[in-house]
Amino acid sequence: MSQTTGASYASAGVDIEAGDRAVELMKEWVKKTQRPEVLGGLGGFAGLFDASALKRYERPLLASATDGVGTKVDIARQMGVYDTIGHDLVAMVMDDIVVCGAEPLFMTDYICVGKVHPERVAAIVKGIAEGCVLAGCALVGGETAEHPGLLGPDDFDVAGAGTGVVEYDRLLGADRIRTGDAVIAMASSGLHSNGYSLVRHVLFDRAGMALDQRVEELGRTLGEELLEPTKIYSLDCLALTRTADVHAFSHITGGGLAANLARVIPDGLHATVDRSTWAPGAIFDLVGKAGQVEQLELEKTLNMGVGMMAVVPAESVDVALTALADRGVESWVAGEITERGAHTTGAELVGTYAV
């Protein structure tokens, strides 16, 4: 008579001990993100943040956002580099929050894997923690989920959610924008974390390029370029609000520059952005040429070298540019706000890119 072994979580592909090992490895990185308002440590059912810190506000508004990094995670997987993708995650979440003028407070993450490799998960959390430090927020908790059978052993995805706070009368946005305001562009660090489905299709499927291929115009391998972390602007934007009169910010993510800028332009006004004020990086030209992608298609998919925009009064331009330069942020006046005409929309790009 044959005997059978009873089923177990491990036999189904879930390794609880590996998950516990991952938590131990990530603790030192999470600790580096702590703010004084954070209570307790990693491992609780919920992260705790002392809300009494908000008593200094007259009318505090909580701002929240959630996001992922899209198919850029597949570049990290193929390259076996896991400690930078977390920067992208924090940028996607916290740079959305700072757009309204909110100070980032805390963040949680969700890491879904086909199989828990403790060192790999810890490397992902290390990147998230480093990103949180750059954004000025705490990483108060998260979840690592193992999905055998749904994801391959090396497959993974990441997502996160964050919370910030802004004083009601300091809230930035369309209501503040006026005719004559200037549009200041802040340089991106590259593709950031948007449009990778197009980028991967063009460079790999159509052009047959490889991640380890050195591309002279990029000055490094294609993989190194594609894995360049998204720039985190949160603290730079907050510093700018303390130095200059800022009316609005726009985070240039999915949908491109014009569409995202239009989100903060009020009815009746129009933002014109002059392409001749900057030259997009080589990666944008490479994607365009390799896939014969039309310029308008590129512009509605990729950031074209601009990761964040600020709308400020004309008299605040010099102060704003100086403040950003002092923080090492490349910036320039890229456009202006005018009355909306009969045939104009919220924002548009005009002219030809600089060479």
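**Entry 1: aromatic pairs**

I count two rings of Phe, Tyr or Trp (its six-membered ring) as a pair if their centres lie within 6.5 Å; planes under 30 degrees apart are stacked, over 60 edge-to-face, and the rest tilted. By this rule I get four aromatic pairs. Trp278 and Trp332 make a tilted one, with 5.9 Å from centre to centre and 40 degrees between the planes. Trp278 lies in the loop between β11 (269–274) and α9 (282–290) and Trp332 in strand β13 (residues 331–339), so this pair ties together parts that are 54 residues apart in sequence. I take helices (H or I, at least four residues) and strands (E, at least two) from DSSP runs, numbered from the N terminus.

A note to self on the ground rules: this is a predicted model, where local features need pLDDT of at least 70 and side-chain atom pairs count only at pLDDT 80 or more, while totals for chains, interfaces and linings use all residues. Residues are numbered from 1 along each chain as its sequence is written, and side-chain values use heavy atoms, with hydrogens and water left out.

**Entry 2: the cluster around Trp278**

Next I looked up burial, where buried means under 20% relative accessible area, exposed over 50%, and partly exposed in between (1.4 Å probe, protein chains only). Trp278 counts as buried at 6% relative accessibility, and Trp332 is buried with 13%. Trp278 has a further partner in Tyr353: this pair is edge-to-face, 5.4 Å centre to centre, with 75 degrees between the planes. Tyr353 sits in the segment after β14 (347–350) and Trp278 in the loop between β11 and α9, so here the parts tied together are 75 residues apart in sequence. Tyr353 is buried too, at a relative accessible area of 14%. Ring pairs thus link Trp278, Trp332 and Tyr353 into a cluster.

I then checked for charges over rings, which means NZ of Lys or CZ of Arg within 6 Å of the ring centre and within 35 degrees of the ring normal. The charged end of Arg275 sits over the ring of Tyr353, 5.8 Å from its centre. Elsewhere, the charged end of Lys231 sits over the ring of Tyr233, at 5.6 Å from the centre.

**Entry 3: Asp274**

Asp274 lies in strand β11 and is partly exposed, with a relative accessible area of 28%. Which residues does Asp274 contact, leaving aside neighbours within four places in sequence? I find Ala334, Val350 and Gly351, taking contact as heavy atoms within 4.5 Å. I also looked up a C-alpha separation: Asp274 and Gly127 are 147 residues apart along the chain and 35 Å apart in space.

**Entry 4: helix α11**

Where do the buried residues of α11 fall, seen down its axis? In this helix (residues 317–326), Val317, Ala320, Ala323 and Leu324 are buried. They fall within an arc of 135 degrees, so they line one face of the helix; the arc is that of the directions from the helix axis to the C-beta atoms. Asp318 and Asp326, on the other side of α11, are exposed. The cover over the buried residues includes β7 (182–187), α7 (234–243), β12 (306–312) and β13. After α11 comes Gly328, with a positive phi near 80 degrees.

**Entry 5: helix α2**

In α2 (residues 72–79) I find Lys72, Val73, Asp74, Ile75 and Ala76 buried. Among the elements that cover them are α3 (85–97), β6 (156–167), α5 (196–206) and α6 (222–226). Gly80, just after α2, takes a positive phi of about 70 degrees.

**Entry 6: His87 and Gly162**

His87 lies in helix α3 and is buried, with a relative accessible area of 15%. Not counting residues up to four places away in sequence, His87 touches Gly127, Glu130, Gly131, Leu134, Pro229, Thr230 and Ile232.

Gly162 lies in strand β6 and counts as buried at 5% relative accessibility. With residues up to four places away left out, Gly162 touches Ala63, Ser64, Ala65, Val93, Met94, Ile97, Phe106 and Met107. The C-alpha atoms of Gly162 and Glu103, which are 59 residues apart along the chain, are separated by 11 Å.
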